[in-house]
Amino acid sequence: MGKVSESILQFKSELEPFGATLVAISKTKPVELIREGYETGHLHFGENKVQELVDKQQKLPPEIRWHMVGHLQRNKVKYIAPFVHLIHSVDSLKLLQEINKQAIKHDRVISILLQVHIAMESTKFGLNESELLELLNREEFRMLKNVRVEGLMGMATNTNDRTQISFEFSSLKKIYDKVTTQFDHPAIQMTHLSMGMTGDYKIALENGSTMIRIGSAIFGERNY
Ligand SMILES: *Cc1c(COP(=O)(O)O)cnc(C)c1O
């Protein structure tokens, strides 16, 4: 067995007691390695760039459930709208409106996560808690019929300080629980809390993650 399939199977058994989902992040890696992972029966793969996502989707089996985890520009939504399984990185009403518009064109409902800014770094995208709650209360959001908010996504600070990372993930979990209990609307169906990557997924699972996004631990280090 190859290294990719071995590592996917290992992650899946590690995740089983948590009931969490693995999204294998294949950015910069060739389709052959994705196919190797797919052949274990694994279906969830993710990319962070639209062009690469579209190219790979065309070359690989249609059963693969593609996740978009990177920053998404409004003018590129149309390319992924026909097939994307879950967009993790939505952080504005305008982007949601565009996703809704493209979803209507393809006669489907697109599932999304709202990205929440939890890290100390100012470079990472995402809404803060009050922006998130405000968005979910907006009439313009509530009118949208072809998008479904299925949860939240967040990225912790890139640090070795486990206490800091744990604090950030637990604060996202609190926001997630708040939205889950306080909002009752058909467009809000909270099921996924996407947090945790290669360096911090164990801390994320301890803090209630239901979906981890693993790249380098599966596919090896990336060379840009
Ligand atoms: C690249 C990426 C990951 C995976 O990162 P690794 O550290 O390689 O596991 C997860 N989430 C997002 C948003 C990414 O861009």
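A polar contact here is a pair of N or O atoms within 3.5 Å. In this predicted model, the side chain of R213 meets that cut-off, with one of its N or O atoms 2.9 Å from a nitrogen atom of the ligand. Two more side chains do likewise, this time towards oxygen atoms of the ligand: T198 has an N or O atom at 2.5 Å, and R222 has one at 2.8 Å. As for how much of the ligand is covered, it exposes 390 Å² when taken alone, and the protein buries 90% of that.

Moving out to the full shell, the residues around the ligand include the three just named, R213, T198 and R222. I25, K27 and V69 are there too, along with M155 and M197, and the run I214, G215 and S216 rounds off the set. Sorted by class, that shell comes out as five nonpolar, three polar and three charged residues.

Next, the aromatic side chains. A pair of aromatic rings is described by the distance of the centres and the angle of the planes. With centres required to lie within 6.5 Å, the model has two aromatic pairs. One of them brings together F11 and Y201: the ring centres are 5.1 Å apart and the planes sit at 65°, so this pair goes down as edge-to-face. F11 belongs to helix α1 (residues 3-15) and Y201 to helix α9 (residues 201-206), so the contact links distant parts of the chain, 190 residues apart. Both partners are tucked away from the surface: F11 is buried at a relative accessible area of 8%, and Y201 is buried at 9%.

The other pair is F45 with W66. Here the centres are 6.3 Å apart and the planes make an angle of 45°, so the pair is tilted. F45 comes from strand β2 (residues 44-47) and W66 from strand β3 (residues 65-68), so the pair ties together parts of the chain 21 residues apart in sequence. These rings are buried as well, with F45 at 0% relative accessibility and W66 at 1%.

Finally, the overall fold. The chain is built from 10 helices and eight strands. Its radius of gyration is 17 Å, close to the 17 Å that the globule rule gives for 224 residues, so the chain is as compact as a globular protein of that length. Along the principal axes, the C-alpha atoms fill a box of roughly 50 × 45 × 30 Å. Of the 224 residues, 51% count as buried.

Key. Residues are numbered from 1 along each chain as its sequence is written. This is a predicted model: local features need pLDDT of at least 70, side-chain atom pairs count only at pLDDT 80 or more; totals for chains, interfaces and linings use all residues. Side-chain values use heavy atoms; hydrogens and water are left out. A residue is near a molecule or strand if one of its heavy atoms lies within 4 Å of it. A polar contact is a pair of N or O atoms within 3.5 Å; within protein, one must be able to donate a hydrogen and the other to accept it, and residues adjacent in sequence count only if both atoms are side-chain atoms. Accessible areas come from the Shrake-Rupley method with a 1.4 Å probe; for residues, only the protein chains shown count as cover. Ala, Val, Leu, Ile, Met, Phe, Trp, Tyr, Cys and Pro count as nonpolar, Asp, Glu, Lys and Arg as charged, and the others, Gly among them, as polar. Rings of Phe, Tyr and Trp (its six-membered ring) pair if their centres lie within 6.5 Å; planes under 30 degrees apart count as stacked, over 60 as edge-to-face and the rest as tilted. Helices (H or I, at least four residues) and strands (E, at least two) are DSSP runs, numbered from the N terminus. Buried means under 20% relative accessible area, exposed over 50%, partly exposed in between (1.4 Å probe, protein chains only). The radius of gyration is taken over C-alpha atoms; the globule rule is 2.2 Å times the number of residues to the power 0.38.
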